Amino acid sequence: MEDCLFCRIVKKEIPATVVYEDETVVAFEDINPVAPVHILIIPKKHISTFFALEPEDDAIISRLHRAAVQIAQEMGLKEKGFRLVANCQRGGGQLIFHLHYHLIAGRPLGWPPG
Ligand code: 5GP
Ligand code: ZN
C-alpha cells in the first residue's frame, strides 16, 4: 500500500534499523522504544489488522512468530525472556494499520499491561 508507513519501510523508501529480514518478514527497531529491546516484526505483505487475515496468511503468522524466536535467541533472550505484543484496532492501541508484533525485553515487564 502506497501510503502505509510500514510498506514504505519494507520497500526501503523510509530508513529503519533492520535486525532481521527474509522473503516474508522484516524486523526493525521501534523509533520510540518503550524498553531497552523494542523490535517491530512485520509481514512484507500489507495486512491491516488481525481482522483482515485470510486463510492463506497462516504461513505468514507462523513466520512472524519464528522470526521473533530467532531474534530473541540472537539477542540472548532465551533465558531472560521477552514479551510479544500485538495491538489490534484503535481501542487496542494500534496506531499503524499494517499488522505487526512488538518484541519487548530488557526491563521488568509488569502484568497486566497498561
Ligand atoms: P502500534 O501502536 O500500531 O501497535 O505500534 C506502532 C509502533 O510503530 C509504535 O511503537 C511507534 O513507535 C512505531 N513507529 C511509528 N513510526 C515509526 C517509524 O517511522 N519508524 C519506526 N522504526 N517505528 C515507528
Ligand atoms: Zn502496509
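Which residues coordinate the zinc ion (ligand 2)?

**View 1. Coordination of the zinc ion (ligand 2) in the predicted model.** The zinc ion (ligand 2) is held by the SG atoms of Cys 4 and Cys 7 and by the ND1 atoms of His 46 and His 98. These contacts span 2.0 to 2.3 Å. The arrangement is tetrahedral because the 4 donor atoms subtend angles of 106 to 116 degrees around the zinc ion (ligand 2).

**View 2. Positions of the zinc donors along the chain.** The donors of the zinc ion (ligand 2) have the spacing C-x2-C-x38-H-x51-H. Distant parts of the chain are linked by the pair His 46 and His 98, which lie 52 residues apart. His 46 belongs to the loop between β3 (37-43) and α2 (58-74), and His 98 to the loop between β4 (83-85) and β5 (101-105).

**View 3. Accessibility of the two histidines, His 46 and His 98.** His 46 has a relative accessibility of 23% and therefore counts as partly exposed. His 98 has a relative accessibility of 0%, so His 98 counts as buried.

**View 4. Cys 4 and Cys 88.** Cys 4, a donor to the zinc ion (ligand 2), is buried because its relative accessible area is 7%. Cys 88 takes part in no disulfide. The cysteine sulfur nearest to that of Cys 88 belongs to Cys 4, at a distance of 15 Å, whereas a disulfide requires two cysteine sulfur atoms within 2.5 Å. A search of the whole structure finds 0 disulfides. With a relative accessibility of 23%, Cys 88 counts as partly exposed.

Methods: Residues are numbered from 1 along each chain as its sequence is written. Chains are lettered from A and ligands numbered from 1 in the order in which they are written. This is a predicted model: local features need pLDDT of at least 70, side-chain atom pairs count only at pLDDT 80 or more; totals for chains, interfaces and linings use all residues. Side-chain values use heavy atoms; hydrogens and water are left out. Donors are N, O and S atoms within 2.8 Å of the metal (3.2 Å for Na, K and Ca); water is not among the atoms, so sites may look incomplete. Four donors count as tetrahedral if all angles lie between 85 and 135 degrees; four count as square planar and six as octahedral if opposite donors are over 155 degrees apart and all others between 65 and 115; anything else is irregular. Helices (H or I, at least four residues) and strands (E, at least two) are DSSP runs, numbered from the N terminus. Buried means under 20% relative accessible area, exposed over 50%, partly exposed in between (1.4 Å probe, protein chains only).
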